[in-house]
Amino acid sequence: MDMATVKSIFKDDMLSGKTAIVTGASRGIGAAIAHRLCEVGANVTVCSRSTESVSQIESALKEKGYTVNAMAADVSLKADVEALVKETIAQFSQIDILVNNAGITRDMLLMRLKDEDWDAVLQTNLTGTMYCSREVLRPMIRQKSGRIINISSVVGLMGNVGQASYAAAKAGIIGLTKTIAKEVGTRGITVNAIAPGFITTDMTAKIPEDLQNKILELIPLQNFGIPEDIADAVCFLASDAARYITGQTLQVDGGMAM
Ligand code: NAD
């Protein structure tokens with residue numbers, strides 16, 4: 001399991017007293033986000049589909065002395081999401097930050113795309129983001145504060161061959177982000193998206209090397225990102241420094257989409 005390897009530049013009490021939920025936190029970008037949020041003082045509920053994978057990240061973070069609550073929750077299932085938020089509030093009494101990070105790919109050219117693969121990608125990536133966001137709104141409105149950070153993708157901005165379902169879901173997340181931002185702006189809640197470019201994780205390890213080299217040519221900074229690049233952007237958007245930013249999509253992509 002990968003844990004944040006690049007030290008945080010943020011103050012270690014930047015989010016102290018805050019509670020966060022990170023979905024899809026068992027590995028990759030989600031694990032780095034959870035680790036970063038812990039490093040800057042937040043209490044964090046980490047979730048992913050299986051108890052086994054989520055308990056690994058839980059023990060790794062607890063070993064470092066962080067306050068962590070681990071839950072197996074499938075974001076595509078409404079009942080799991082309800083339980084996730086309920087349990088977090090029971091454990092930590094509040095919910096300040098939601099990071100909708102869980103996501104899957106089922107890549108195929110549209111002509112051959114199976115309905116069940118389209119449905120699975122939309123249900124996890126887009127509907128899951130909607131379920132989690134909807135569920136935290138009531139407690140955040142009660143608190144008169146909150147941060148929702150949705151992990152989209154440059155693919156949602158640019159499109160990508162073989163990724164119709166993924167691109168549609170990630171573009172949908174941007175529309176959803178702007179809409180929630182408008183609906184709850186007066187309640188002290190900000191809602192933003194991050195659009196990562198190519199970040200080295202299990203998800204991108206599936207991409208053949210020749211295709212990876214072609215992608216590299218499209219990146220002005222000429223290297224792939226690491227999960228901590230996304231985790232740092234999440235920390236910024238969750239911090240007071242981002243209090244006047246809402247409805248935005250922050251691209252963290254080495255200049256790939258511009
Ligand atoms: P990953 O496959 O390494 O990890 C995905 C995580 O989501 C895992 O913890 C997995 O268990 C969890 N997950 C999947 N379905 C779930 C569900 N239904 N309920 C709960 N958890 C679920 O992927 P990653 O590369 O770390 O990507 C994380 C996020 O960043 C995804 O939303 C992905 O689309 C997005 N993203 C990644 C890249 C990249 O280059 N890696 C680029 C753009 C966007």
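**Exercise 1. Polar contacts of the ligand**

Task: In this predicted model, which polar backbone atom lies 2.7 Å from an oxygen atom of the ligand, and which side chains come to 2.5 Å?

Solution:
1. The backbone partner belongs to Ile 199, whose polar atom is 2.7 Å from a ligand oxygen.
2. One side-chain partner is Tyr 166, with an N or O atom 2.5 Å from an oxygen of the ligand.
3. Thr 201 also places a polar side-chain atom 2.5 Å from a ligand oxygen.
4. The ligand alone exposes 830 Å², and the protein buries 97% of this area.

**Exercise 2. The shell around the ligand**

Task: Find which element gives the most residues to the shell, and sort the shell by class.

Solution:
1. The ligand is surrounded by 29 residues, with Ser 26, Asn 101, Tyr 166, Ile 199 and Thr 201 the closest.
2. α7 gives the most, namely three residues.
3. By class, twelve residues of the shell are nonpolar, twelve are polar and five are charged.

**Exercise 3. Ser 165 and Ala 120**

Task: Decide whether Ser 165 is buried or exposed, do the same for Ala 120, and list their contacts beyond four places in sequence.

Solution:
1. Ser 165 is part of helix α6, residues 164-184.
2. Its relative accessibility is 1%, so Ser 165 counts as buried, the cut-off being under 20%.
3. Beyond its sequence neighbours within four places, Ser 165 touches Arg 106, Trp 118, Val 121 and Leu 122.
4. Ala 120 sits in helix α4, residues 115-143.
5. With a relative accessible area of 18%, Ala 120 is buried.
6. Outside four places in sequence, Ala 120 contacts Ile 104 and Arg 106.

Note on methods
Residues numbered from 1 in each chain as written. Predicted model: local features only at pLDDT ≥ 70, side-chain atom pairs only at ≥ 80, totals over all residues. Heavy atoms only, no water. Helix = DSSP H or I, 4+ residues; strand = E, 2+ residues; numbered from the N terminus. Buried < 20%, exposed > 50% of the residue type's maximum accessible area, 1.4 Å probe, protein only. Contact = heavy atoms within 4.5 Å. Near = heavy atom within 4 Å. Polar contact = N/O pair within 3.5 Å; in protein donor to acceptor, adjacent residues only side chain to side chain. Areas by Shrake-Rupley, 256 points an atom, 1.4 Å probe, with all protein chains shown as cover. Nonpolar A, V, L, I, M, F, W, Y, C, P; charged D, E, K, R; others polar.
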